[in-house]
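The following exercises are to be worked with the sequence and the coordinates at hand. Each task is followed by a solution in steps.

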Amino acid sequence: MRWSQTLIPTQKETPADAQIISHQLMIRAGLIRQLTAGAYDFLPLGWRALHKAMKIVREEMDAIGASEILLPALQPMELWQRSGRDVAYGENLVKLKDRHGRALVLGPTHEEVITELVQAYVSSYKQLPLSLYQIQTKFRDEFRPRFGLLRVREFLMKDAYSFHAVSESLDKTYDDFYKAYERIFTRCGIPFVVVEAESGPIGGSASHEFMAACTAGEDTILTSDKGNYAANVEKCETGPRAGDLSGAPVGELQKLHTPGLPGIDDVAKFLKTKPKNMLKTLVFSVRNGNPAARGAEDAAGGPPSGPRTENLSSPAYVVAVVRGDHDVNEAKLKQHASAHFRVGHLELIDSAEVRQNWAIGFVGPDEAARRADTVMLIDPDAAQGGFWVTGANEIDHHVKYFNWFRDCGDALANPAKVATADIRNAVDGDPSPRNDGGVLKASKGIEIGHVFKLGTKYSVAFDAHYLDDKGESHPFIMGCYGIGIGRILIAAVESMHDEKGIVWPAAIAPFQCVITPIKYDGEVKAAADALYSQLVAAGVDCILDDRDARPGFKFADADLIGFPVRVTIGDRGLKEGNVEIKKRTATDPEMVAMDGVVQRVMALLHT
């Protein structure tokens, strides 16, 4: 490819609306251009890098026996209604109607469609296991698209799905995809870490995320300093933390007027205390307190079953209490509420019903302890003795010197009413759940891949069954495996750049080598053309910068774009039979004889 034959609109200035380095450099290097909020043009260089990432993904998917398909982006709304995800995705779902009034969605993912497809053609255990994948555009109506390709409304994704007769088969395929993902990201040259994760709106049980470091990332990763544990904050557990609700009072309970203070920080400032000395009490309404209903959720791939205490037949509310500087982890809360109290599904929303029954924003744990229709989960850090400020169960009022033992009475001794459990987000400095003295360290990252064990969530919803060797019908056991193709590029740029621009890994660089003639005419032109042909013939993906521009301008563009190797040809070097070769990460160039250029370039691309 000759530079003059393609479109590479580089720019010196950093775009004002580009907040993270990958967004800045990908626009400046002429890889992408925003068309509208959350939707980007991929220009020739960006598309070449994207295509190379897709090629690696396809090779590794094919290597584990997955077959490529292509499913429609346009999907009937009724499929999403059958799975219940029309509600789960909410306003992130792009909805429309055709001219006949039929409700449609632009698919953010394809679990419903693939399940409906396999249901139509697979009926026997002899046809299983089966793995199918596609690389296709997805759509999500993000409320606030930002950070370039990181949070968009339209993006390219590889999604794969596997179907099984037995869980052992799913375990093997899950492991195959897991290892394939490790190979993909290693081949792409991206530093990554694998963490335990929540399944979110996809559903299912076991789940792992492949994360790349990014200071502007929206995901928090916690890793043990022992190197033996890593998890997303949504999934991360902690080691044992003391807290038995038995501390003695440190003062008489005092009620205080705290008018017009909307949050913990405001109240703490007003009362001259710190958020860590306050109790945050959140109320969640319960839907389906019937244990049988929860059994159906388990069958559909819901939270794992666990030991439960017999208790209230059908509590209306679950109250979660954490320290004021901590945040409730809703996934943990769901799990522990189901395990301890048999409550079924929690409506994790601030509903009008809740507001009618509670002084939201000013709720205290003592109210939850008194109510017959309520159970309470307390995080160990909030179950300490000492000085506490909390809500007074009256709008615009708090109390100080709250004490668990004194102010909650006999309810604390009733395991059917109150329990302590790890229900908050883990934070930097928490003990590792491995119980080996490890300490959790927090960092920011972006999700580049995710693997799920779906179980039978979708096959049950779609009545998708196979017949076993006895002719008995069973729902398919499913797995789901996704990679954000555009995020591979983000991860590469975020991880590998310097003050001059991008530093591409050779495997996904738009071009591996740029030939830069000092002046593209005469003997220099002839030598550049010949060298270009030799490199292309040797399999090096090469671009020839044939522009009539100053050498410094060309060099700056080459560094900005991040070509792994630059070959510079000038009159002075040619007279001695040499050209200049510089690896993007090298401090200084090296002089190489013309007959050794191809060999040297190929060697540099593999180091």
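Helices and strands are here DSSP runs numbered from the N terminus, a helix being H or I over at least four residues and a strand E over at least two. Asp396, for instance, lies in the loop between β18 and β19. The model is predicted.

**Exercise 1. Backbone and exposure after β18**

Task: Determine the sign of phi at Asp396 and at Asn393, and classify the exposure of Asp396 and of Asn393.

Solution.
Step 1. Asn393 is found in the loop between β18 and β19, the latter strand covering 397-400. Asp396 belongs to the loop between β18 and β19 as well.
Step 2. Phi of Asp396 is near 65°, which is positive although the residue is not glycine. For Asn393, phi is likewise positive in a residue other than glycine, with a value near 65°.
Step 3. Buried means under 20% relative accessible area and exposed means over 50%, with partly exposed in between. Asp396 has a relative accessibility of 25% and therefore counts as partly exposed. Asn393, at 22%, is therefore partly exposed.

**Exercise 2. Thr390 and Phe387**

Task: Is Thr390 buried or exposed, and which residues does Phe387 contact beyond its sequence neighbours?

Solution.
Step 1. Thr390 lies in strand β18. Its relative accessibility is 0%, so Thr390 counts as buried.
Step 2. When residues up to four places away in sequence are not counted, Thr390 touches Leu279, Thr281, Val363, Gly364, Pro365, His398, Val399 and Phe402.
Step 3. Phe387 is found in the loop between β17 (374-378) and β18 (389-391). With a relative accessible area of 28%, Phe387 is partly exposed.
Step 4. Neighbours within four places in sequence being left aside, the contacts of Phe387 are Val250, Thr273, Asn277, Lys400 and Tyr401.
Step 5. As a reference distance, Phe387 and Phe42 are separated by 345 residues in sequence and by 57 Å in space, C-alpha to C-alpha.

**Exercise 3. Strand pairing in two sets of strands**

Task: State in which sense β30 pairs with β29 and with β31, and in which sense β6 pairs with β4 and with β5.

Solution.
Step 1. β29 (residues 565-569) and β30 (residues 578-583) are antiparallel, with 4 bridges. In this pair, Val567 stands opposite Ile581 of β30.
Step 2. β30 also pairs in the antiparallel sense with β31 (residues 590-593), again over 4 bridges. Here Ile581 has Glu590 of β31 as its bridge partner. The two strands are joined by a hairpin through 6 residues.
Step 3. β4 (residues 74-76) runs antiparallel to β6 (residues 103-106), and 3 bridges join them. Gln75 stands opposite Val105 in β6.
Step 4. β5 (residues 94-97) is antiparallel to β6 and joined to it by 4 bridges. Val94 faces Leu106 of β6 across the pair, standing opposite it.
Step 5. The hairpin of β5 and β6 has 5 residues between the strands, and Gly101 takes a positive phi near 85° in it.

**Exercise 4. Helix α14 and a cis peptide bond**

Task: How many residues of helix α14 are buried, and which conformation has the peptide bond from Leu128 to Pro129?

Solution.
Step 1. Helix α14 covers residues 485-495, and 10 of its 11 residues are buried, so the helix is largely enclosed by the rest of the structure.
Step 2. The buried residues of α14 include Arg487 and Glu494, along with Ile485, Gly486, Ile488, Leu489, Ile490, Ala491, Ala492 and Val493.
Step 3. The peptide bond from Leu128 to Pro129 is cis, its omega being near 0°. Pro129 is found in the loop between α5 (111-121) and β7 (130-139).

**Exercise 5. The chain as a whole**

Task: Describe the protein chain by its domains, its secondary structure and its charges.

Solution.
Step 1. The chain is divided into domain 1 (3-67 + 110-236 + 442-492), domain 2 (254-420) and domain 3 (513-605). The C-alpha centres of domain 1 and domain 2 are 35 Å apart.
Step 2. The secondary structure comprises 18 helices and 31 strands. Of the 607 residues, 51% count as buried.
Step 3. Of the contacts between residues at least 6 apart in sequence, 73% join residues at least 24 apart.
Step 4. The chain carries 69 positive and 80 negative side chains, and the centres of these two sets lie 3 Å apart.

Key. Residues are numbered from 1 along each chain as its sequence is written. This is a predicted model: local features need pLDDT of at least 70, side-chain atom pairs count only at pLDDT 80 or more; totals for chains, interfaces and linings use all residues. Side-chain values use heavy atoms; hydrogens and water are left out. Buried means under 20% relative accessible area, exposed over 50%, partly exposed in between (1.4 Å probe, protein chains only). Contact means heavy atoms within 4.5 Å. Lys and Arg count as positive and Asp and Glu as negative; His and the chain ends are not counted. The place of a charge is taken as NZ of Lys, CZ of Arg, CG of Asp or CD of Glu. Domain bounds come from an automatic or database domain assignment. Two strands pair if DSSP finds at least two bridges between them.
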